[in-house]
Amino acid sequence: MTPAIQINQLTKRFRRSSGYRDLVPGISARAEVHAVNGVDLSVQEGQLFGLLGPNGAGKTTLIKILCTLMLPTSGAASIFGFDVVQQEQNVKKLVGLVTCEERSFYWRLTGRQNLLFFAALYGISGSRARSRIDDLLDLMELTGDADRRFQDYSTGMKQKLAVARGLLSDPKLLFMDEPTRSLDPISARGLRKFIREEIVERQGRTVLLTTHLMGEVEELCDRLAIMDRGRIVGSGTLGELRSRFQDHSRYELEVRGLGEGGLHMLEGLPGVLGCIETLRSDRTSTLEISLADGALSGVLREIISTGGEIRACNLRESRLDDIFVHVVEGTRAQPQLAGISC
């Protein structure tokens, strides 16, 4: 099956401006910034794929290239087999873009008028455009506010209209650039549910979503990639990333009768990387303990041998934000590994 997105050694360089000196030939050469630097990535049809990265990682630049809004410096990228440079018109028919930039709408026009304008840009006009817009306004629960000016919309309504605009051309692949940014928790939760249940599961579209919110990726995405300084530094399912980059295990133990000095004793055992104890009034302790591989059995034996009673032992999987920090900081600390694609 042809991937929804296939990227091979994609690169985008910009020249960094240094002011008026750039206007004088021969004074100095401007340094180049690699916004996207040798990216390899594949996204299969029907996936909800998450793209994570700090500010300036290159996520938005990558999306603009894939949407044919920007030309790459080198490398190749295709959408359902169509090259984003050589077959631009074919790609445009297949993709939609949802961005939280309010400036991309006309504030004095109504929501409906904005959609009619963008429909005309897509080559959709007449009764077909009006019918499509009515359906989308109903889907996004904006029918009652369709004839209000965009400037009077709440943040949540503006985001809904952005999603409606992204779906105007009935795209197979939808790019969503931080779609829940600035939304309150209730609105953000509703939009996440809509993305997963309506756009992906019911309509069968492929979605590539960028976000800074780790919980959003954990809740929504089938697979994800972590991007930093223009490179993909890790990719896979959350479970795959945990197995590749998690350097320790975290357990929660419920122990009765640990006794004085028990915490200090545990912290001195081989393989114990950290231990936090929460005491309860019935002489029961809750221990949050980080262990190197293979250290759990020794910890349990030591607790029992000193008279402790283990009432519960639960593995706590690493949070995505821990994995994210570990991957990004580890790559930056080892620049010789930064070019490895995952």
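In this predicted model, six strands come together in an open sheet of mixed pairing, arranged in the order S6-S7-S8-S3-S9-S10. Strand S6 (95–99) and strand S10 (231–236) form the edges, each pairing on one side only. On average, and with direction ignored, neighbouring strands of this sheet are turned by 20 degrees against each other. Strands of a sheet pair through backbone hydrogen bonds, in either a parallel or an antiparallel manner. At the S6 edge, the pairing is parallel: five bridges join S6 to strand S7 (residues 173–177). One residue pair can be picked out here, with Thr99 having Asp177 of S7 as its bridge partner.

The sheet also carries a helix. Helix H1 (residues 59–66) packs on it, touching strand S3 (48–52), S6, S7, strand S8 (206–211) and strand S9 (223–228). The direction of H1 makes about 155 degrees with that of S7.

Attention can now turn to the nonpolar interior. In soluble globular proteins, nonpolar side chains tend to be buried together. The largest nonpolar core of this model holds 50 residues, and the members that touch the most others are Leu48, Leu161, Val163, Val207, Leu224 and Ile226. Helix H6 (residues 185–202) supplies the largest share of this core, with six residues. Leu224 gives a good view of the surroundings: beyond its neighbours within four places in sequence, this residue is in contact with Phe49, Gly50 and Leu52, with Val217, with the run Gly234, Ser235, Gly236, Thr237 and Leu238, and with Leu241 and Leu320. Another core, of 29 residues, lies apart from the largest one; Ala4, Leu51, Ala57 and Ile232 are among its members.

Helix H4 (residues 126–139) lends itself to a closer look. With 14 residues at 1.5 Å a residue, H4 should span 20 Å, and this agrees with its end C-alpha atoms, which are 20 Å apart. Its buried residues are Ala129, Ile133, Leu136 and Leu137. Because these four cover an arc of only 100 degrees around the axis, they lie on the same side of H4. The cover over them includes helix H3 (111–121) and helix H5 (155–166). On the face turned away from this buried side, H4 carries the exposed residues Ser127, Arg128 and Asp138. Following the helix comes Glu141, with a positive phi near 60 degrees.

Notes:
Residues are numbered from 1 along each chain as its sequence is written. This is a predicted model: local features need pLDDT of at least 70, side-chain atom pairs count only at pLDDT 80 or more; totals for chains, interfaces and linings use all residues. Side-chain values use heavy atoms; hydrogens and water are left out. Helices (H or I, at least four residues) and strands (E, at least two) are DSSP runs, numbered from the N terminus. The expected span of a helix is 1.5 Å times one less than its number of residues. Buried means under 20% relative accessible area, exposed over 50%, partly exposed in between (1.4 Å probe, protein chains only). The arc is that of the directions from the helix axis to the C-beta atoms. Contact means heavy atoms within 4.5 Å. Two strands pair if DSSP finds at least two bridges between them. Axes are lines fitted to C-alpha atoms, for helices over the stretch in contact, and angles run from 0 to 180 degrees between N-to-C directions. A nonpolar core is a set of buried Ala, Val, Leu, Ile, Met, Phe, Trp, Tyr and Cys residues joined through side-chain atoms within 4.5 Å.
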